[in-house]
Each structure stands twice: as C-alpha cells, then as structure tokens.
Amino acid sequence: MVKVLFFGDPGIDDSLAIMYGLLHPEIEIVGIVTGYGNVKQEQATQNASYLLDLAKKQDIPIIAGAKGPLSGEFTPFYPEIHGEEGLGPIRPPDTIKGELLNFDEVFKIIDRYEGELIIVDVGRSTSLALAFILGGDQMEKVKAFYLMGGAFLVPGNVTAYAEANFHGDPIASKLVIEKGKNVRIFPLNVTQHALLTPAVVDYITQRTFNSMTPLVKPIFDYYFEAYKKLVPGIKGTPLHDVVAMSGIVNPSFFKYLERSVTVQLYGESKGESIADFRPKPEEEPVESLDRIAVQINYDKFIKDFMKIMTMTSPTSKLE
Ligand code: BDR
Ligand code: CA
C-alpha cells in the first residue's frame, strides 16, 4: 500500500479526497496535517477528525499545521463555497474536538516511512514549506510530492492569474516546488475538468455503502450551488483535491509535461504559476524539472472515483 501523508484544509473537496484515500485499497493515509485555507486551521482539524471518526480511523494522527501564510498577511476564508464550517451544511458534532499532535510528528512519519512516503498537499503550501524549513535534509527521505495548485496559461480561480492554493501563500508554494524532489503538480488545467455531476452523486449515494456516504449528497449540493454562481452553466463541481490523490495511484490517467515551475510572489499576478511552454523551452537541469499534469482522462478518473466511493468499508482493506 502507498503510504500517504496528507496536507490539506478540509474543505469540501479536501474532505472528498480524504474519503477517497480512506476507502482506497491501495492507499494508506498515515497522517493528516491540517492548515488554514478554505476554513480556519481549527475548523479544518475538527473536520478531519470528524471524517476519521466516521471511518473508525481515529488511530490516524492529525498534526497541527499553519494558521496563516509565511508573509503574515491576513488571508480570507471561503464559507460561501465550502460552508460556514467547511462541510457545506454539515456541522461536525461538538463532541468531536480534534486531538492535535505537534508538528514534530511530521518528521517522525517521514523517518518511519523513509524512501516510500508520498506527501500530498492540497491546501495552502505554508505547512509543507515549514516542513522544509524545519526539516532540511530530512525532506530528502520523502519519495515524492503531489501538489494540487496552480493554473498554467489558463485563468485562475481566485484572481484572473492565480489558483487559490498558490495564491494563498506563494512564498511557500515557490519554496516547496524549488526544494522538493519529485514534484507532481495537478493544476486547474486538469482539476477544473474533473467534475462531480449530480448523476455521479446519485450513483454513489444510491445506498449507504460506507459510513461516509451520508455526507456526500449534502456537501455536494452546497458546493454545486456555490459553483453555479461562480461558473454559470457548469455541469458539476470540480474535484480538485481528489485529482491529486487519484494521481498517486492512477498515474496513467494523466498526461504530464516536465518543466521547471516557479510562482509569482507579488503584485497583481501574485500566486501565478509559471513555466516555459514554448515548443523549444530553455534547457533546465533535470533535478529542477517538475511534472505538470496537463491532461486528464475524465472517463477513467470518474469511473475510478465511483468505484472507490462505493466501497463498503474503509476498514475492510485491513481485515
Ligand atoms: C483549491 O483551493 C481550495 O479551495 C480547494 O480545496 C482546492 O484545494 C482549488 O483551487
Ligand atoms: Ca484544498
């Protein structure tokens, strides 16, 4: 099984990515680092904890990530898209407090799974950047980094130029991409096509397949209403963060380009992801190249999502 340390800000699509990871027979989530982003870090923690509780996976550690960007600037949250508590209309029970381990646990996990651990970061990049700052060489023990972020030569979603994760802390995103070895980026170019449609939701909620099924329709309905206002005529909701999780176990669903990526730090285009897409780009040292997913096989992606989300029990894979 692939060992995955998940960094995110659940959030609706983050939550669907966690559900997908918990249900997937080839993925073992070995820790969740919760950061600010769609909601406050404290709320992201409660939401992650709620999902683990539902899945009876309370043994998976939740680790305290960042509460704001490296620049110290104010950052907005997005209740209109993800709901006041980040799960659409659902409010995790007050009894779910969300026990947090301190950040050092990240390095314990990296040591424990040296050479095989995959880090997936589907939130603002701050917490992962801190891991590079605090951990130094230790980060070389990580096998690969899968990031949801960026928008290459296509419009952003929070500004005309930038996608939300890279815009939220561009200093951190740039640092992670520059320092990380084996970085794969899943930008809006692919995630905006990975739509969860009402028909798919009907299919995966036709009965209670697992303990998380009851969340899916209410969170989807909320997310879809928000997206219809943002993108008139849209046929479903983008499964941004699920795409990066799916990429870990389904590399063949994507077409990649290898380019050296950077992120714009300041000004109007803050958070813009940049790479050289000329037919004959400047030669770059191999170790500086990142893999950018530029095409997704939607049919295969969504069929796989339907298969995994209708699995009967997140615990059955261990039995
Ligand atoms: C990304 O921003 C967040 O709002 C989503 O959870 C996703 O990670 C999409 O731009
Ligand atoms: Ca996210």
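In this predicted model, the charged end of arginine 291 sits over the ring of tyrosine 256, with 5.9 Å separating that end from the ring centre. A second arrangement of this kind involves lysine 228, whose charged end sits over the ring of phenylalanine 224, 4.3 Å from its centre.

The ring beneath arginine 291 has aromatic company. Tyr256 belongs to one aromatic cluster together with Tyr146, Phe186 and Phe254. In total, the structure holds 10 aromatic pairs. One of them joins tyrosine 146 and phenylalanine 186, whose rings are stacked, lying 5.9 Å apart from centre to centre with 15° between their planes. This pair links distant parts of the chain, since tyrosine 146 belongs to strand β5 and phenylalanine 186 to strand β6, 40 residues apart. Another pair, formed by phenylalanine 254 and tyrosine 256, is tilted, with 6.2 Å between the centres and 45° between the planes.

Are the members of this cluster buried or exposed? The cut-off for buried is a relative accessible area under 20%. Phenylalanine 186 has a value of 0%, so it counts as buried. Tyrosine 146, at 6%, is buried too, as is phenylalanine 254, at 9%. Tyrosine 256 has a relative accessibility of 19%, and because this is still under 20%, it also counts as buried.

Attention now turns to the open spaces of the model. Rolling a probe the size of a water molecule over the atoms reveals where empty space remains. The largest pocket has a volume of about 490 Å³. Its lining is made of 29 residues, and those closest to the centre are Ile81, Asn157, Tyr227, Leu230 and His240. Several helices contribute at least two residues each to this lining, namely α1 (12–23), α3 (79–82), α6 (164–168), α10 (213–230) and α11 (240–249). By character, the lining residues divide into 15 nonpolar, 7 polar and 7 charged.

The second largest pocket, with a volume of about 270 Å³, brings arginine 291 back into the picture. Arg291 is among the residues nearest the centre of this pocket, along with Lys181, Asn182, Val183 and Leu289. Here the lining consists of 16 residues, which divide into 6 nonpolar, 3 polar and 7 charged. Strands β5 (144–148), β6 (183–186) and β12 (290–296) each supply at least two of these residues.

Leu289 also appears among the contacts of serine 260, which touches Ile274, Ala275, Glu284, Ser288, Leu289 and Asp290, leaving aside residues up to four places away in sequence. Serine 260 is located in the loop between β9 (254–259) and β10 (262–263). With a relative accessible area of 23%, serine 260 is partly exposed. The C-alpha atoms of serine 260 and proline 285 are 8.7 Å apart, although the two residues are separated by 25 positions in sequence.

A further element to consider is helix α5, which spans residues 126–135. Why is helix α5 described as largely enclosed by the rest of the structure? The reason is that 7 of its 10 residues are buried. These buried residues are Thr126, Ser127, Leu128, Ala129, Ala131, Phe132 and Gly135. Their packing partners are β1 (2–8), β2 (27–34), α4 (104–112), β4 (118–121), β5 and α7 (170–179). Strand β5 thus packs against α5 and also holds tyrosine 146 of the stacked pair. Following α5 comes glycine 136, with a positive phi near 55°.

How values were computed: Residues are numbered from 1 along each chain as its sequence is written. Chains are lettered from A and ligands numbered from 1 in the order in which they are written. This is a predicted model: local features need pLDDT of at least 70, side-chain atom pairs count only at pLDDT 80 or more; totals for chains, interfaces and linings use all residues. Side-chain values use heavy atoms; hydrogens and water are left out. On a 1 Å grid over the protein atoms alone, a cavity is a set of points where a 1.4 Å probe fits but cannot get out, and a pocket is an open set with protein on both sides within 12 Å along at least five of seven lines; lining residues have an atom within 4 Å of a point. Grid points are joined across faces, edges and corners, and a volume is the space filled by probe spheres set on the points. Helices (H or I, at least four residues) and strands (E, at least two) are DSSP runs, numbered from the N terminus. Ala, Val, Leu, Ile, Met, Phe, Trp, Tyr, Cys and Pro count as nonpolar, Asp, Glu, Lys and Arg as charged, and the others, Gly among them, as polar. Rings of Phe, Tyr and Trp (its six-membered ring) pair if their centres lie within 6.5 Å; planes under 30 degrees apart count as stacked, over 60 as edge-to-face and the rest as tilted. Buried means under 20% relative accessible area, exposed over 50%, partly exposed in between (1.4 Å probe, protein chains only). A charge sits over a ring if NZ of Lys or CZ of Arg is within 6 Å of the ring centre and within 35 degrees of the ring normal. Contact means heavy atoms within 4.5 Å.
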